[in-house]
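User: I have a model open and want to learn how to read its features. Can you walk me through it?

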Amino acid sequence: MSVASSSFRCLHHSDSQNDVAFVNQSGRSSAINKSPNIHLANPLHVPASYHSSNQNHVLVTRCVGAESPAKLVNNVEEASLAPKIEDNDSGGGSDFGGGGSGGGGGGGDGREDDGGGEEFGRLLKFEDVMKEADNRGVNLPSDMWEAAKTTGIREVILSRYLDLQGSGWPLGFAMKHLSMLRNRMLADPSFLFKVGTEVVIDSCCATFAEVQKRGKDFWAEFELYAADLLVGVVVDIALVGMLAPYTRFGQPSISRGLGGRIQHACAALPSSVFEAERPGCRFSVKQRIATYFYKGVLYGSVGFGCGLIGQGIANAIMTAKRSIKKSEEDIPVPPLVKSAALWGVFLAVSSNTRYQIINGLERVVEASPLAKQVPPVAMAFTVGVRFANNIYGGMQFVDWAKWSGVQ
């Protein structure tokens, strides 16, 4: 790389695109040291001051192998003063990313996406973040404070947190103390609405089906209904939460060895197949495909676990009742492990596919000009598509249960 300017004196010349050194007109040196992990993706913009007190120029240097030549920009404000640096370590320290708890989020390849920066505002420095927090009288959580100090926080993300933490109980309390909920709300303010929609629709559909199925024995078998409903609520929250995008602050701790490499790879995946790219988050086609199978494993685990608990409670209640009073109309007690396995396979295959598609459709609608001008349009679409999904999913599960011999 070489530097040439009437205001600069080149101290060093190297064929390596990672080795840059120069001094300004006053003789004070500044350098970017050679590093195998840092690559200058764009031309380096260096502020240079002439001897004239009323004119500032920006010298744009070109690294060896770069396409754009060196040029001189007369207006400092027209040039970006910070070089764009690519870090080969995926998922590093941006506002959005993967890893962490909760099963998703996507770290991408760690590169900044300028297009997404407009949606989430400029990157605030530590001083700006603390000034905004002090103006609101808010103490930032430790992870947000550390992120502000090391990498900065996006303006919109900070504004959302300051607004949400000031909400009434219980939302304000949850935003301060439950990082899993907080990070999802910061990435998608409609997250709670989607969870609530899923729970209400599924509970109403399940109640209607239970009343039709049990008839006059509904109240006599209310314990079974309550157990099914409770497990259903847990499953609904997991189905929505594991595919929801979330904000990540800081770098997740990853152990070494094979387990660490697997954890690192999973942390770089998007939260869902169709998750939108955001500042610091870019996803390849391979990562999106891998996400489908990874989420399938998570969904299957949740389904098997909830199936064991839910069917176990139901079987225990059925057995206890029949020990007291037997009836010729009693149906056989469903096999516990087989029922749980059915739940696991159903969630891993059917539910995973359907909810991935729903997330993609919601993303398209929310990004449309109409939904941005009239937000209730996106909310109405969410209600409609999730209602249709619950109806179809319930009918499909009954078919699967009959095919497997569980019911």
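User: What covers the buried residues of H6?

Analyst: A word first: this is a predicted model. To read burial, find the covered residues, then look for what they touch. The cover of the buried H6 residues includes helix H3 (142–150), H4, H5, H7 and H8.

User: How many residues of H6 are buried, and which ones?

Analyst: Helix H6 spans residues 179–187, and seven of its nine residues are buried. They are Leu 181, Arg 182, Asn 183, Arg 184, Met 185, Leu 186 and Ala 187. The helix is mostly covered.

User: What is the wider setting, in helices, strands and buried share?

Analyst: The protein has 13 helices and nine strands. Its 407 residues are 42% buried. The exposed area is about 22,200 Å², and carbon and sulfur atoms supply 60% of that area. Now look at contacts with a separation of 6 or more: 64% of them join residues 24 or more positions apart.

User: H7 and H8 both help cover H6. How do I read that helix pair?

Analyst: Two packed helices are described by the angle between their axes and the distance between the axes. Here helix H7 covers residues 191–214 and helix H8 covers residues 222–241. Their axes come within 9 Å and cross at roughly 150°. An angle over 145 degrees counts as roughly antiparallel, so H7 and H8 are roughly antiparallel to each other. The crossing is right-handed.

User: Which residues of H7 and H8 meet?

Analyst: On the H7 side, they include Phe 191, Val 195, Val 199, Asp 202 and Arg 214. On the H8 side, they include Leu 224, Tyr 225, Leu 229, Val 233 and Ile 237. Charged residues take part too, among them Lys 194 and Glu 198 in H7 and Asp 228 and Asp 236 in H8.

User: Tyr 225 is on that list. Which ring cluster does Tyr 225 belong to?

Analyst: For ring pairs, read the distance between centres and the angle between planes. The structure holds 10 aromatic pairs. One of them joins Phe 218 and Phe 222, at 6.1 Å centre to centre with 85° between the planes, and is edge-to-face. Phe 218 also pairs with Tyr 225: the centres are 5.1 Å apart and the planes are at 55°, so this pair is tilted. Ring pairs link Phe 218, Trp 219, Phe 222 and Tyr 225 into a cluster.

User: Are Phe 218, Phe 222 and Tyr 225 buried or partly exposed?

Analyst: The cut-off for buried is under 20% relative accessible area. Phe 218 is at 8%, so Phe 218 counts as buried. Tyr 225 is buried as well, at 9%. Phe 222 is partly exposed, at 33%.

User: Where does Gln 356 lie, and which residues is Gln 356 in contact with?

Analyst: Gln 356 lies in helix H11, residues 336–366. Its relative accessible area is 2%, so Gln 356 is buried. Set aside neighbours within four places in sequence. Gln 356 then contacts Leu 243, Ser 272, Val 273, Phe 274, Thr 291, Tyr 292 and Lys 295. For a sequence-to-space check, take Leu 239: Gln 356 and Leu 239 are 117 residues apart in sequence and 9.9 Å apart in space, C-alpha to C-alpha.

User: Last item, the backbone. Which residues does a cis peptide bond join?

Analyst: Check omega. The cis peptide bond joins Trp 169 and Pro 170, with omega about 5°. Pro 170 sits in the loop between helix H4 (155–165) and helix H5 (171–177). H4 and H5 are among the helices that cover H6.

Key
Residues numbered from 1 in each chain as written. Predicted model: local features only at pLDDT ≥ 70, side-chain atom pairs only at ≥ 80, totals over all residues. Heavy atoms only, no water. Helix = DSSP H or I, 4+ residues; strand = E, 2+ residues; numbered from the N terminus. Buried < 20%, exposed > 50% of the residue type's maximum accessible area, 1.4 Å probe, protein only. Contact = heavy atoms within 4.5 Å. Areas by Shrake-Rupley, 256 points an atom, 1.4 Å probe, with all protein chains shown as cover. Phe/Tyr/Trp six-rings, centres within 6.5 Å; stacked < 30°, edge-to-face > 60°. Axes fitted to C-alpha atoms, helices over the stretch in contact; angles between N-to-C directions. Parallel < 35°, antiparallel > 145°, perpendicular 65-115°, else oblique. Left-handed = near helix turned anticlockwise from the far one by under 90°.
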